[in-house]
Amino acid sequence: MTTLFGSDAIRAIAPYQGGKPIAEVAREFDLDVSKIIKLASNENPLGTPESARQAMLQAAADVGRYPDANGFDLKAAISAKYHVPQTWITLGNGSNDLLELAAHALVQAGQAVMYAQYSFLVYALATQAVGARAIVVPAKEYGHDLPAMLQAITPDTKLIFIANPNNPTGTFIPAPQIEAFLKAVPEHIVVVLDEAYNEFLAPECQFESTAWVKQFPNLIVTRTFSKAYGLAGVRVGFAIAQAPITDLLNRIRQPFNVNSLAQAAAIAALHDADFLQKSVQCNTAGYAQLTQAFDAMKLTYLPSHGNFVMVKVGEDEQAGARVNLALLKQGIIVRPVANYGLPQWLRISIGLPHENAAFIDALKELI
């Protein structure tokens, strides 16, 4: 007799699938690891800043001891940069950790969590994990329809996730629209503004959302060091919210969820303005390289404000899977998005010039 363990809600969860690792593709298709190009996981193509490497080497001398559970030095650096008290900061094992913490801390089974169609899959997973009901608001032009989200609020809505820029579509919501939305959301509903790609915004789109935390006690802003700061492998992010919400998050946060190397690397990266500038410049040039090629191939793509572009590679329902497999066989890893309900599209992380060029050449052969 088979015994089923766990709740129905947990068994119903489809585990999050990240971009295929390089080593896995090499094994699967018998390819040379050194020749594989990965444009699947929105990583920084410049890698890790040297400042962070050196900081980790120094911190490695003390890894026999537990990290600072409260992350005092990292919180102090974040506090100074964003002009918020340290008591408003929660550290996470990547911002993904913080999204899940918010759901666990603020939502009970049977209550409702809202997010937009085509938004980050972790919102759905976090909702399922706490046994909550999902309110998925249809997208508008592949992005958030904020007026529709306001209309969809129910008496049992406790949490709203908004990604800006949005992953995987790259859409962006201007500051005035978000501020108006925050003013209209009832005060007992917490809004998580997930800004994993904030640093890539063009100057005319930039605004400092963390200042809104002072105005809205029901707002959480999350950021990550995985993208623009090049620290995806050590997993570190942070949330900024007023003290009552931060206190709740820290009550259920794992005590050593950000390790010593990650804390040291994040402090160094936060102060490395030169690396951040180079990352943004590389991203801007790569975006132009990819989109100009898509225009030349007459392919539909979504204008993106992140470090990736979503492109339509065919009209039939198997287009994304077919082109993705053909690219994998050539050692080029991109991200199919059929699990978002977009089977005709692929999401392409922006890489180095030669990586982008290799992808473009391969795509031309296939389309």
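The points below describe a predicted model and take up two groups of paired strands, a helix packed on one of them, and a pocket.

1. An open sheet is built from 4 strands, which follow one another in the order 9-10-13-12 with antiparallel pairing. Its edges are formed by strand 9 (301–302) and strand 12 (335–336), each of which pairs on one side only.

2. Within that order, strand 10 (residues 308–312) and strand 13 (residues 345–349) run antiparallel and are joined by 5 bridges. To place the register of this pair, one may take Met310, whose bridge partner in strand 13 is Arg347.

3. Helix 12 (residues 319–329) should be viewed together with this sheet, since the helix lies across strand 12 and strand 13, and its direction makes an angle of about 40° with strand 13.

4. A parallel arrangement is found elsewhere in the chain, where 5 bridges connect strand 3 (residues 112–116) with strand 4 (residues 133–137). The chain passes from strand 3 to strand 4 by way of helix 6 (residues 121–129), giving a β-α-β crossover that is right-handed. For the register here, Ala112 has Arg133 as its bridge partner in strand 4.

5. Turning to the pockets, the second largest encloses about 310 Å³ of space. Its lining comprises 19 residues, of which Lys38, Glu43, Asn44, Pro45 and Glu355 are the closest to the centre of the pocket. Sorted by class, the lining of this second largest pocket consists of 9 polar, 7 nonpolar and 3 charged residues.

Terms used. Residues numbered from 1 in each chain as written. Predicted model: local features only at pLDDT ≥ 70, side-chain atom pairs only at ≥ 80, totals over all residues. Heavy atoms only, no water. Pairing = 2+ DSSP bridges. Helix = DSSP H or I, 4+ residues; strand = E, 2+ residues; numbered from the N terminus. Contact = heavy atoms within 4.5 Å. Axes fitted to C-alpha atoms, helices over the stretch in contact; angles between N-to-C directions. 1 Å grid on protein atoms, 1.4 Å probe; cavity = no way out; pocket = protein on both sides within 12 Å on 5 of 7 lines; lining within 4 Å. Points joined across faces, edges and corners; volume = space filled by probe spheres on them. Nonpolar A, V, L, I, M, F, W, Y, C, P; charged D, E, K, R; others polar. Right-handed = clockwise from strand over helix to strand, strands pointing away.
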